[in-house]
Amino acid sequence: NMTEEEKNSSLAHIENQCKWLERLVQTLLRIITLDCEIERRPCEVDILFEGVRQNTQKSLADRNVILIINSNGGTLNCNADLIQSLLINLVDNAAKAYDADASDKRVLLNFADDTIEVRDFGRGIPTEAMERIFDPFYMVDKSRSKKSGGSGLGLTLVKSIADAHGANLTVKSDVGKGTTIYLHFS
């Protein structure tokens with residue numbers, strides 16, 4: 001049973017999530033339909049990363065994955081809702097890269113030199129799949145989609161958001177050793 005305070009805190013969190021999702025959907029619809037300029041303002045990286053931590057806390061805990069954040073502070077000129085959505089997507093994907101019985105499940109979220117890095121030490125992506133990972137509905141592991149409830153649109157949206165910011169998205173992966181995704185803002 002929850003206390004009244006816990007209930008109110010949970011409701012406030014749900015309301016904030018709903019508002020964030022609504023803003024996100026509106027922005028994504030604008031990008032998709034108009035290919036318009038997105039609204040950007042200076043955002044503190046630590047605040048962006050804290051939002052990612054809060055939004056992925058439960059799903060990572062359910063998978064026994066630890067999120068490790070490294071940032072020397074700094075700001076990015078970006079649309080905070082979109083970049084936060086991109087990072088949540090990448091962190092969730094990184095968490096799904098581990099087999100259930102893996103012992104050391106970590107996701108690293110780093111920021112340095114205008115570059116955000118999301119890294120896991122999971123399954124990795126086979127070479128033949130690398131060029132297709134940003135295609136709509138493409139999934140490296142077909143069996144995973146039913147288990148983890150993915151739509152196959154996550155990385156497509158990640159790519160669209162990166163492109164809308166003029167940011168460079170790079171993926172490095174070794175099968176059996178993990179994947180690192182770099183988002184470089186110029």
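This tour moves through a predicted model, one selection at a time.

**The whole chain**

Begin with the protein chain in cartoon view. The chain holds six helices and seven strands. Read from the N terminus, the order of these elements is α-β-α-β-β-α-β-β-α-α-α-β-β. Of the 186 residues in the protein chain, 40% are buried. Among contacts in the chain with a separation of 6 or more, 69% are between residues 24 or more positions apart.

**The sheet**

Select strands E2, E4, E5, E7 and E6. These five strands form an open sheet, in that order, and their pairing is mixed. Strand E2 (66-71) and strand E6 (168-174) are the edge strands, each paired on one side only. From one strand to the next, the twist averages 10°.

Restrict the selection to strand E5 (residues 115-120) and strand E7 (residues 178-184). The two strands run antiparallel and are joined by five bridges. For a single position to inspect, choose Thr115, which stands opposite His184 in E7.

**Asn110 in strand E4**

Select Asn110 next, a residue of strand E4. Is Asn110 buried or exposed? Its relative accessible area is 14%, and Asn110 is therefore classed as buried, given that the class covers values under 20%. Apart from neighbours within four places in sequence, Asn110 contacts Phe49, Asn70, Thr115, Ile116 and Glu117. A distance label between the C-alpha atoms of Asn110 and Val45 should read 9.9 Å, although these residues are 65 apart along the chain.

**Helix H3 across the sheet**

Now add helix H3 (residues 80-96) to the view. H3 lies across E2, strand E4 (106-112), E5 and E7, and runs at about 20° to E5.

Show side chains for the nonpolar core. The largest such core has 43 residues, and Ile83, Leu87, Ile116 and Leu183 touch the most other members. Which helix gives the most to this core? The contribution of H3 is nine residues, and H3 is the element that gives the most.

Centre the view on Ile83. Not counting residues up to four places away in sequence, Ile83 touches Leu48, Cys78, Ile116, Ile161, His165, Leu183 and Phe185.

**H2 against H3**

Two helix pairs follow. Packed helices are described by the angle between their axes and by the distance between those axes.

Select helix H2 (residues 45-62) together with H3. Their axes are 9 Å apart, and the helices pack at an angle of about 35°. The crossing of this pair is right-handed. On the H2 side, the contact is made by Leu48, Phe49, Gly51, Val52, Asn55, Thr56, Ser59 and Leu60. On the H3 side, the residues to highlight are Ala80, Ile83, Gln84, Leu87, Ile88, Val91, Asp92 and Ala95. Coloured by class, the contact of H2 with H3 shows ten nonpolar, five polar and one charged residues.

**H6 against H3**

Hide H2 and select helix H6 (residues 154-164) with H3. H3 and H6 pack at an angle of about 145°, and their axes are 9 Å apart. H3 passes H6 in a left-handed crossing. H3 contributes Leu82, Ile83, Ser85, Leu86, Asn89, Leu90 and Asn93 to the contact, and H6 contributes Gly154, Leu155, Val158, Ile161 and Ala162. This contact of H3 with H6 has eight nonpolar, four polar and no charged residues.

Within H6, the buried residues include Gly154, Leu155, Thr156, Val158, Ile161 and Ala162.

**Two residues at the H3–H6 contact**

Select Ile161, located in helix H6. Ile161 is buried, with a relative accessible area of 1%. Setting aside residues up to four places away in sequence, Ile161 touches Leu28, Leu82, Ile83, Ser85 and Leu86. The C-alpha atoms of Ile161 and Ile83 are separated by 7.2 Å, with their positions 78 residues apart along the chain counted as separation.

Then select Ser85, which belongs to helix H3. Ser85 is also buried, as its relative accessible area is 11%. Beyond its neighbours within four places in sequence, Ser85 is in contact with Trp20, Leu24 and Ile161.

**Last stop**

Finish at Gly166, just after H6. The backbone of Gly166 takes a positive phi of about 65°.

Notes. Residues are numbered from 1 along each chain as its sequence is written. This is a predicted model: local features need pLDDT of at least 70, side-chain atom pairs count only at pLDDT 80 or more; totals for chains, interfaces and linings use all residues. Side-chain values use heavy atoms; hydrogens and water are left out. Two strands pair if DSSP finds at least two bridges between them. Helices (H or I, at least four residues) and strands (E, at least two) are DSSP runs, numbered from the N terminus. Axes are lines fitted to C-alpha atoms, for helices over the stretch in contact, and angles run from 0 to 180 degrees between N-to-C directions. Contact means heavy atoms within 4.5 Å. A nonpolar core is a set of buried Ala, Val, Leu, Ile, Met, Phe, Trp, Tyr and Cys residues joined through side-chain atoms within 4.5 Å. Buried means under 20% relative accessible area, exposed over 50%, partly exposed in between (1.4 Å probe, protein chains only). A crossing is left-handed if the near helix is turned anticlockwise from the far one by less than a right angle, and right-handed if clockwise. Ala, Val, Leu, Ile, Met, Phe, Trp, Tyr, Cys and Pro count as nonpolar, Asp, Glu, Lys and Arg as charged, and the others, Gly among them, as polar.
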